[in-house]
Amino acid sequence: MLGIIGGMGPLASSLFYDMITEKTKARRDQDNLDLILLSHSSMPDRTAAILSGDPEQVADVKEKLLVDATYLAKSGCTALAVTCNTAHYFIDMIEKEVPVPFIHLIRETGAELARKCPGERVAILATDGTIKTGLYQKEFARRGIEAYVPLASVQEKVMKEIYEHVKSGIPADPDMWQEIEQAVKEAGCKAAILACTELSVVRVQLQLGDFYFDPMEIMADRCIDFFRASGEIK
C-alpha cells in the first residue's frame, strides 16, 4: 500500500491521486493500487518555516511530518510519497527514522533530468523556500545539470501564481506565466521544472508543453514502477 502525505495544498494532492489512478491503467477496481492519502492541510507553511530562520518553526514542521510518516508506515504502507517539493527539506531530516522508503520527489526528478537533459541549463520554478534550501541546485550539481534560478522580478511572479492564484482557488494567470516562460528561455534554459506542486496544477490549467518537467508526475511514475516491481499491480 502506498502512503501519501498530502494537503500541501489539497488541490495538488487531488491531482496526484488522479495521476496515480490514470497511470495504473486498471481494467477493474481491483487492479488499482491500494493507498492512503493523508491530507494534512493544517500543516504549517513550509516556506514560511524555512524563511523564518526560527529553529522552533522548523522543528514543528519536521515533527508533524515524522508523525504522519510513522502513522502511514504503521498502517501498512510499504512506500511513502510527499506531494510538496518544499517539504522534502524536512523529509531529508526524518528519512532515516521512518521504517519504509520515501519515493523521493527531488532525487527522482534529478535522475529523470539527467537522462533527458544531460549537461543542460534547467530553470527551477519553485517557492522561495525551495529555492533557499538549494534542494534542486544540489541535486542538479550532483548529476551534472546546470541549475538556473530566476531573477527576483521573475521569482515574484512565480510566487504570485502559487500563492495568489492556485492556493487561493483562482485560476493561473496565462499572461503572467508567459512572462515567466519568456524570461527563463531568454536566460538560455533548455527546460524548466515545475518544482512546486501548485505549479503542477498550473501545467494542467494552462496546458503547458514539453519545455516543462513536472516532478509530481515523475514521482507518480516512480510510485507505479515501485509497486509494479513488487507485484502489487500489473
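The following exchange between a trainee and a mentor discusses aromatic pairs, charges over rings and a cavity in a predicted model.

Trainee: Why is the pair of tyrosine 136 and phenylalanine 140 called edge-to-face?

Mentor: Their ring centres lie 6.0 Å apart with the planes at 70 degrees, and since rings pair within 6.5 Å and count as edge-to-face over 60 degrees, the pair is edge-to-face. Both residues belong to helix 7 (residues 135-142), four residues apart, or about one turn of the helix, and both are buried.

Trainee: What makes the pair of tryptophan 177 and tyrosine 212 tilted?

Mentor: The angle between their planes is 50 degrees, at 5.9 Å centre to centre, and an angle that is neither under 30 nor over 60 degrees counts as tilted. This pair links distant parts of the chain, with tryptophan 177 in helix 9 (residues 174-186) and tyrosine 212 in strand 7 (residues 212-213), 35 residues apart.

Trainee: How do you know whether tryptophan 177 is buried or exposed?

Mentor: Buried means under 20% relative accessible area, and tryptophan 177 has 2%, so tryptophan 177 is buried; tyrosine 212, with 8%, is likewise buried.

Trainee: What makes lysine 185 count as sitting over the ring of phenylalanine 211?

Mentor: The distance limit is 6 Å from the ring centre, with a limit of 35 degrees from the ring normal as well, and the charged end of lysine 185 sits over that ring at 4.9 Å from its centre. Phe211 is also linked by ring pairs with Trp177 and Tyr212 into a cluster.

Trainee: How many cavities of 30 Å³ or more are counted?

Mentor: The count is one, and the largest cavity holds about 80 Å³ of space.

Definitions and conventions:
Residues numbered from 1 in each chain as written. Predicted model: local features only at pLDDT ≥ 70, side-chain atom pairs only at ≥ 80, totals over all residues. Heavy atoms only, no water. 1 Å grid on protein atoms, 1.4 Å probe; cavity = no way out; pocket = protein on both sides within 12 Å on 5 of 7 lines; lining within 4 Å. Points joined across faces, edges and corners; volume = space filled by probe spheres on them. Helix = DSSP H or I, 4+ residues; strand = E, 2+ residues; numbered from the N terminus. Buried < 20%, exposed > 50% of the residue type's maximum accessible area, 1.4 Å probe, protein only.
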